[in-house]
Amino acid sequence: MKKRRLLRDMGLLPAYVLYTLLAFIIATALCLCLSRALDALRGEIYDRYRSMGEVYTISLGDELDVQDGQITYGVLYDNEGDRTATFSKDRGGFCPGERPARGNMLQVVLVPDYAGEDRLVFLMLGAVQLLLVPLCYGSCTILCAALFYRRRLAGALRTLEDAVAQIAAGRLDFTVAYGRDDEMGRLCVSFETMRSALLDNQRTLWRQMEERGRLNAAFSHDLRTPLTVLKGHAGMLLSSLPGGELTNQEILDEVRVMELHIERLEGYVEAMARLHRLEDLEVRREPVDSGLLLAGLRDTAEILRGDKAVAWSVYGGGTWRVDQEVVSQVCENLLANAFRHSRTKVDVTVSAEDGSLCVVVSDDGQGFTRRALERATDPFYQESSGGRMGMGLHICKLLCERHGGELSICNNAKGGGLACASFAME
């Protein structure tokens with residue numbers, strides 16, 4: 001099985017050399033077999049006419065009374081009767097005028113000329129023998145090339161053509177598979193890698209489009225409230241001001257309400273612009289000293305904590321390959337949320353292992369509601385009106401995903417909120 005697999009995965013060049021060698025061996029064997037067969041056919045014609053010939057045995061000391069043109073075949077014997085030489089008129093080796101050593105015997109065969117049809121067949125068989133070498137080797141070479149193409153190239157090319165056709169049609173949910181580990185197999189593997197990357201990019205694009213759609217829907221939904229309020233107050237002012245029905249204080253109150261909602265609209269626009277900037281953010285993983293990064297996070301926590309306590313737990317140190325700005329921004333948002341919802345204390349756990357940096361922020365507050373656990377990372381989500389855009393956790397989620405990690409939220413064992421942000425360091 002292992003030997004079979006080795007032959008199957010042989011490279012194209014060694015495989016073609018092997019195919020060529022086999023074709024050469026087959027062509028040589030075929031040429032020899034056909035040549036012997038043709039020799040046998042020519043020999044049958046020759047033997048048939050030889051059997052009709054007249055044989056004369058004479059002493060070389062005697063005078064020859066046979067015409068030179070009639071002598072077709074001759075055999076020279078010595079005194080003991082052993083054959084010493086053979087002469088043929090066709091080969092030009094027999095000269096009846098020469099006299100070998102006296103005492104030897106000469107056997108002369110007079111064979112009639114071939115008939116017209118037999119002569120034609122005899123000559124054609126000879127011509128075919130001359131063409132056997134180019135015919136056999138040429139045919140085997142063509143057969144070798146055709147077989148090599150069919151067994152080593154056609155399958156891979158057909159697989160790649162089908163893959164190109166499916167990609168051109170916009171279908172990427174297929175697999176490029178080829179059973180050999182040769183050059184064509186590695187090309188198919190590279191093509192499969194490309195297809196997989198295209199599929200991942202397409203899915204990412206789909207997710208971004210869906211996220212953009214949800215974001216636009218949330219943005220449109222949240223814009224309705226301030227726009228409706230502004231429209232109502234503007235309508236009331238337009239209808240009441242001409243008649244002097246409102247006092248100056250009432251007019252100022254209406255204007256202040258409209259100003260608050262205008263600021264709210266500006267906040268939504270700024271949040272949308274910030275999200276668009278985050279989509280173009282390029283994460284740059286660089287070696288960062290863990291001590292310096294943690295010192296910056298502790299300074300941020302000291303500024304945000306107010307009168308609340310914070311406890312730190314750190315596992316792993318040294319140098320971390322992360323984007324310091326992204327990590328700091330995510331941790332700042334998580335710490336701000338935790339201190340805002342905690343009662344007395346916030347716990348922060350930082351660990352770096354298996355190529356990932358993980359930051360867990362836990363508080364002792366009331367925790368997330370069931371609805372918040374499902375939607376807290378959605379854009380513009382807020383459980384109560386407090387002037388906030390509800391974008392903090394959504395931005396943290398986007399930044400974590402851009403850094404190759406993720407953001408998850410849950411309630412801890414004491415009922416408080418817990419957020420875990422991970423960042424890929426490789």
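This passage looks at the aromatic ring contacts in a predicted model.

Ring pairing first. The count comes to three aromatic pairs. One of them joins Tyr-16 and Phe-148, whose rings sit edge-to-face, with 5.1 Å from centre to centre and 80° between the planes. Tyr-16 belongs to helix α2 (residues 12-51) and Phe-148 to helix α3 (residues 116-168), so this contact ties together parts of the chain that are 132 residues apart in sequence. The two partners differ in how much of them shows: Phe-148 is buried, because its relative accessibility of 8% falls under the 20% cut-off, whereas Tyr-16, at 37%, is partly exposed. Tyr-16 and Phe-148 also share an aromatic cluster with Tyr-19.

Phe-24 and Tyr-137 make up another pair, this one tilted, with the planes 45° apart and the centres separated by 5.5 Å. Here too helix α2 meets helix α3: Phe-24 comes from α2 and Tyr-137 from α3, so the pair links parts 113 residues apart in sequence. Phe-24 is partly exposed, at 48% relative accessibility, and Tyr-137 is partly exposed as well, with a relative accessible area of 24%.

Then there are the arginines that sit over rings. Arg-195 lies over the face of Phe-174, 5.5 Å from the ring centre. Trp-312 gets similar treatment from Arg-298, whose charged end is placed over the ring at 5.2 Å from its centre.

Conventions
Residues numbered from 1 in each chain as written. Predicted model: local features only at pLDDT ≥ 70, side-chain atom pairs only at ≥ 80, totals over all residues. Heavy atoms only, no water. Phe/Tyr/Trp six-rings, centres within 6.5 Å; stacked < 30°, edge-to-face > 60°. Helix = DSSP H or I, 4+ residues; strand = E, 2+ residues; numbered from the N terminus. Buried < 20%, exposed > 50% of the residue type's maximum accessible area, 1.4 Å probe, protein only. Lys NZ or Arg CZ within 6 Å of the ring centre and 35° of its normal.
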